[in-house]
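Take a look at the sequence and the model below. The walk goes from the strands to the core, then to the disulfides and some unusual backbone spots.

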Amino acid sequence: MGQAGCKGLYQSLFDYKTEKYVIAKNKKVGLLYRLLQVSILTYLVVWVFLLKKGYQDTDTSLQSSIITKVKGVTFTNTSELGERLWDVADYVIPPQGENVFFIITNLIVTPNQRQETCAESDSIPDALCYEDSDCPPGKPVMTGNGVRTGRCLRAENLTRGTCEIFAWCPVETRSRPEKPLLGKAEDFTIYIKNFIRFPKFNFFKTNVLDTKDRAYLKSCYFGPKNPYCPIFRLGSVVKWTGSDFQEIALQGGVIGIQIEWDCDLDRAPSECNPRYYFNRLDSTFPGSSVSSGYNFRFAKYYRDGAGVEFRTLMKAYGIRFDVMAGKFSIIPTVINVGSGVALMGVGSFLCDLVLIYFIKKSHFYRNKKFEEVRSGHQANGKANVEQLQNLQTVEA
């Protein structure tokens, strides 16, 4: 048996399989096959090509440029700054008009700082001390404002004090104001100009209305009736993200503005329109969590008449804007056509399974479909080599 099995395996290596076509006169299987063909063709024509535009080529190498500009003025009167008019040069960082910019809405101001020795803030745990040995000289205060001098400064009748430090003194001690300094900034306007180019199709577009009326951009606001007016009211942008302006102006935040271009160049260029999406990007927490908001510090330096350097330290709260352009996906026609041809093959395979295994006369069709032929001999008592040249018609 072992030798016979090896011999059969060896001989099978030189077998050749060729297709044999059998026309089965079975109405049920034939109807199933035609229904599968019609379903596949309908899917390709209606869904892939007409609805999803699968015949189109898509340019994924979008070239985009974004220019921003903020306008608006407001007036404040505080003990630190006195009466002050704020314009765009005061509250926008950076001033170049990039796709990422920051609008100051709240400030903690520490004026007239100079480098000298003073007591560290008692709100910093690492600066607390009971004696001078708790303040090793030259060691920075963790999350503090300077380096220790070796002295522990205590008020009268108190056993605990804070380390003396060498730093910009006096150190920042004020907490965040309960109301935003620039609470009226919601009436400021943001100008966002977006240029796009699809290099594969040499197609250009911008989100600004092509008009010669110079007063247009000075009087319009973005909205359903003015989709090509790139002037956005700051308070409206915050509202579209689902946030409250006074809350975000108080503690700061990050807003993303997504400009999406999805253009069908089979249509007129006037139908290629931008879509805007506004989202709050920073994590928001319920209540007054220390993790909420967005802020950073910067300083303005100057010297007095004696040449001593001073600075005004500012802790700025505000809204950071990230303006982004959309991207695209590709669905080539050749891939869709190839997928359709492959699906047609699946239809034939399913019908073969039904014909050979699931109907009453499946053994009869199976014997007709699979036939072994040897050169110079008859197979199954009926077939010979010359019969392979003809198509067999099988009656159901």
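Which residue stands opposite T312 in strand 16? K300 does. Before going further, note that this is a predicted model, in which local features need pLDDT of at least 70, side-chain atom pairs count only at pLDDT 80 or more, and totals for chains, interfaces and linings use all residues. Residues are numbered from 1 along each chain as its sequence is written, and side-chain values use heavy atoms, with hydrogens and water left out.

Start with strand 16, residues 309-325. Strands here are DSSP runs of E with at least two residues, and helices are runs of H or I with at least four, both numbered from the N terminus. Of the 17 residues in strand 16, 13 are buried, so the strand is largely enclosed by the rest of the structure. Buried means under 20% relative accessible area, exposed means over 50%, and partly exposed lies in between (1.4 Å probe, protein chains only).

Strand 16 has several pairing partners to trace. Two strands pair if DSSP finds at least two bridges between them. Strand 15 (residues 295-303) runs antiparallel to strand 16, with nine bridges. The K300 and T312 positions face each other in this region. Strands 15 and 16 form a hairpin, and five residues lie between them. In that turn, G307 has a positive phi of about 85°.

Strand 6 also pairs with strand 16. The two run antiparallel and are joined by eleven bridges. Q113 has R311 of strand 16 as its bridge partner. Strand 13 (residues 253-261) pairs with strand 16 in the parallel sense, over seven bridges. There, G253 stands opposite I319 of strand 16.

Now turn to the nonpolar core. A nonpolar core is a set of buried Ala, Val, Leu, Ile, Met, Phe, Trp, Tyr and Cys residues joined through side-chain atoms within 4.5 Å. The largest one has 39 residues, and Y91, I103, L234 and F321 touch the most other members. Elements that give two or more residues to this core include strand 2 (63-71), strand 10, helix 5 (234-240), helix 6 (245-251) and strand 14 (274-280). Strands 6, 13 and 16 are also among them. Strand 6 gives the largest share, six residues. In soluble globular proteins, nonpolar side chains tend to be buried together.

What is L234 in contact with, leaving aside its neighbours within four places in sequence? Its contacts (heavy atoms within 4.5 Å) are I103, A185, E186, F188, I190, F245, I319 and F321. Apart from the largest core lies another, of eight residues, among them I124, I165, C169 and V171.

C169 leads to the disulfides. A disulfide is a pair of cysteine sulfur atoms within 2.5 Å, and the structure holds four. One of them joins C118 and C169, with the sulfur atoms 2.0 Å apart. C118 lies in strand 6 and C169 in strand 9, so the pair ties together parts that are 51 residues apart in sequence. The link is left-handed, with -75° about the S-S bond. C118 counts as buried at 16% relative accessibility, and C169 counts as buried at 2%.

Another disulfide joins C129 to C152, with 2.0 Å from S to S. This pair links strand 7 to strand 8, 23 residues apart. Its S-S torsion is 90°, and the link is right-handed. C129 is buried, with a relative accessible area of 0%, and C152 is buried at 9%.

C135 and C163 form a further disulfide, again 2.0 Å from S to S. The torsion about this S-S bond is about -85°, so the disulfide is left-handed. C135 lies in the loop between strands 7 and 8, and C163 in strand 9, so the pair ties together parts 28 residues apart in sequence. C135 and C163 are buried.

Finally, check the backbone. The peptide bond from C169 to P170 is cis, with omega near 0°. P170 sits in the loop between strand 9 (161-169) and strand 10 (189-198). The bond from I93 to P94 is also cis, with omega near -10°. P94 is in the loop between strand 5 (92-93) and strand 6 (100-119).

Where does N112 lie? N112 is in strand 6. N112 has a positive phi of about 55° although it is not a glycine, and N112 is partly exposed at 46% relative accessible area. T143 likewise has a positive phi of about 55° without being a glycine. T143 lies in the loop between strand 7 (128-129) and strand 8 (147-153) and counts as exposed, at 70% relative accessibility.
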